Amino acid sequence: MKIVNDIKLPKKKNKKTSYNPVYWYGTRLFSYDPKKYWFLIAIGSRGRGKTTSAWRWVLKSYLKSGKKFVWLRLTDAPIKKMRGTSSKTLVPSFLLKQLGISGCFLKGTSIFINIERGDEIMTEFVGIMDSISTYYTTKGTTMEDFDNVVFDEINRETTERNTFDITTAFINQIENIARFRRVRVLMLGNTINDTSDILDLFGFHPKPGEFGIYKLTRKHAILEYMDDSKEFKEQREQSLAGVFLKKNDRVATSFTNVAADSMDTVIPYDNRMRQVFIFHTERLERYGIYTMPENKYEKAGLWVGQVRDENMKSYKISPFLNCEGIYSREIYDDFYELISYNNLYFETTFIRSRFTRALKNNRTIV
């Protein structure tokens with residue numbers, strides 16, 4: 001028997017995993033053909049066990065096939081916090097016991113496990129932990145030994161500073177890891193209340209409450225928008241935090257996967273809508289601005305959606321934006337007034353999220 005960190009690690013028989021309906025195991029999501037579906041997206045409430053299931057997936061894959069993995073977070077902050085707790089919060093202890101792993105720890109950005117091989121306890125390198133916000137530091141690094149990727153917490157927290165573009169960082173980090181290889185990427189998100197920029201990349205956002213599995217074949221993606229099980233709801237109500245959630249809808253939305261935002265300003269395209277101009281919010285981000293059809297919605301205001309007519313005059317959100325179009329302070333102010341009266345409508349929730357965020361972040365007094 002080997003001694004690791006001065007602690008004797010006796011042999012233990014692995015216990016079979018018992019199914020608990022409170023938690024999500026991802027069995028259905030993982031069942032889809034990896035040659036056809038490269039991106040697996042799981043959207044569900046906090047506490048459903050998404051992160052634990054992701055650890056189970058990557059560690060079992062390593063133990064069975066030797067596949068190493070990359071664990072991604074939005075920023076470096078949670079990674080530094082894990083180092084500060086001596087990796088005790090890295091992987092649940094019960095999961096390590098189930099897999100026959102005696103320890104899992106983070107050293108720098110490298111993830112190691114302690115596992116019994118024969119009569120010896122071996123320390124083995126299984127993966128790395130990195131953030132997408134610092135993708136530029138990974139550029140040029142050889143990543144061909146990593147076959148699985150987990151992107152944990154794809155939604156930016158409502159109180160988190162918007163200091164970088166998530167989509168740009170994610171695309172660059174995936175390029176750093178995969179190059180021309182086909183790796184499998186598991187992406188985890190808590191709610192759809194704050195529309196994720198990542199979902200915008202896939203051109204799809206599930207409507208609030210329409211739970212199920214969605215096949216995004218053209219994007220090689222499977223999205224599971226999960227409902228809370230009866231058992232999970234009951235356990236949440238009996239939890240310490242659950243005592244306060246019942247009378248605090250604003251906070252409760254961050255614990256559930258049902259959006260609290262009104263859908264009144266999200267309206268599908270109608271061919272009676274008339275595009276009047278194109279509006280640029282970023283160099284490569286633009287929208288068609290339409291008038292609302294009278295006699296149907298009986299709503300005043302404008303509608304923001306995809307550009308359907310390229311032969312339109314272009315305007316831009318800021319005079320400093322380096323793209324085609326001219327800056328009009330009058331148009332800019334009109335958008336703010338329309339939003340204040342809920343008279344600005346959108347084709348989808350993620351268009352609403354990106355457009356309103358752009359107006360908020362780029363307000364300029366000239």
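Here are some notes on the predicted model above, point by point.

1. Confidence first, since this is a predicted model. The chain has an average pLDDT of 84, and 84% of the residues score at least 70. The stretch to treat with care is residues 1–11, where pLDDT stays under 50 and the model has 16 contacts beyond four places in sequence. Where pLDDT is low, the predicted coordinates should not be read in detail.

2. Now the chain as a whole. Its 366 residues are 47% buried, and the chain holds 11 helices and 17 strands. Of the contacts between residues at least 6 apart in sequence, 67% join residues at least 24 apart. The exposed area comes to about 20,500 Å², with carbon and sulfur atoms supplying 49% of it.

3. You may enjoy tracing the open sheet of six strands, which has mixed pairing and the order 16-15-12-13-14-17. Strand 16 (326–327) and strand 17 (344–346) are its edge strands, each pairing on one side only. Helix 10 (residues 329–340) packs on this sheet, touching strand 12 (274–282), strand 13, strand 14, strand 15 (314–316), strand 16 and strand 17. The direction of helix 10 makes about 100 degrees with that of strand 12.

4. Within that sheet, strand 13 and strand 14 (residues 302–305) run antiparallel and are joined by four bridges. Here Tyr-290 stands opposite Trp-303 in strand 14.

5. Glu-285 deserves a look of its own. This residue lies in strand 13 (residues 285–291). Is Glu-285 buried or exposed? With a relative accessible area of 11%, Glu-285 is under the 20% cut-off and therefore counts as buried. The Glu-285 side chain makes a polar contact with the side chain of Tyr-287, at 2.8 Å. Setting aside neighbours within four places in sequence, Glu-285 is in contact with Phe-279, His-280 and Arg-354.

6. Earlier in the chain, two hairpins share strand 6. Strand 5 (residues 101–107) runs antiparallel to strand 6 (residues 110–117), with six bridges between them; Cys-104 has Ile-113 in strand 6 as its bridge partner. Two residues separate these strands in the hairpin, and Gly-108 in the turn has a positive phi of about 70 degrees.

7. On to the second hairpin: eight bridges join strand 6 to strand 7 (residues 120–131), again an antiparallel pair. Glu-116 stands opposite Ile-121 in strand 7. This hairpin has two residues between the strands, and Gly-118 takes a positive phi near 70 degrees.

Methods:
Residues numbered from 1 in each chain as written. Predicted model: local features only at pLDDT ≥ 70, side-chain atom pairs only at ≥ 80, totals over all residues. Heavy atoms only, no water. Buried < 20%, exposed > 50% of the residue type's maximum accessible area, 1.4 Å probe, protein only. Contact = heavy atoms within 4.5 Å. Areas by Shrake-Rupley, 256 points an atom, 1.4 Å probe, with all protein chains shown as cover. pLDDT = per-residue confidence, 0-100. Polar contact = N/O pair within 3.5 Å; in protein donor to acceptor, adjacent residues only side chain to side chain. Pairing = 2+ DSSP bridges. Axes fitted to C-alpha atoms, helices over the stretch in contact; angles between N-to-C directions.
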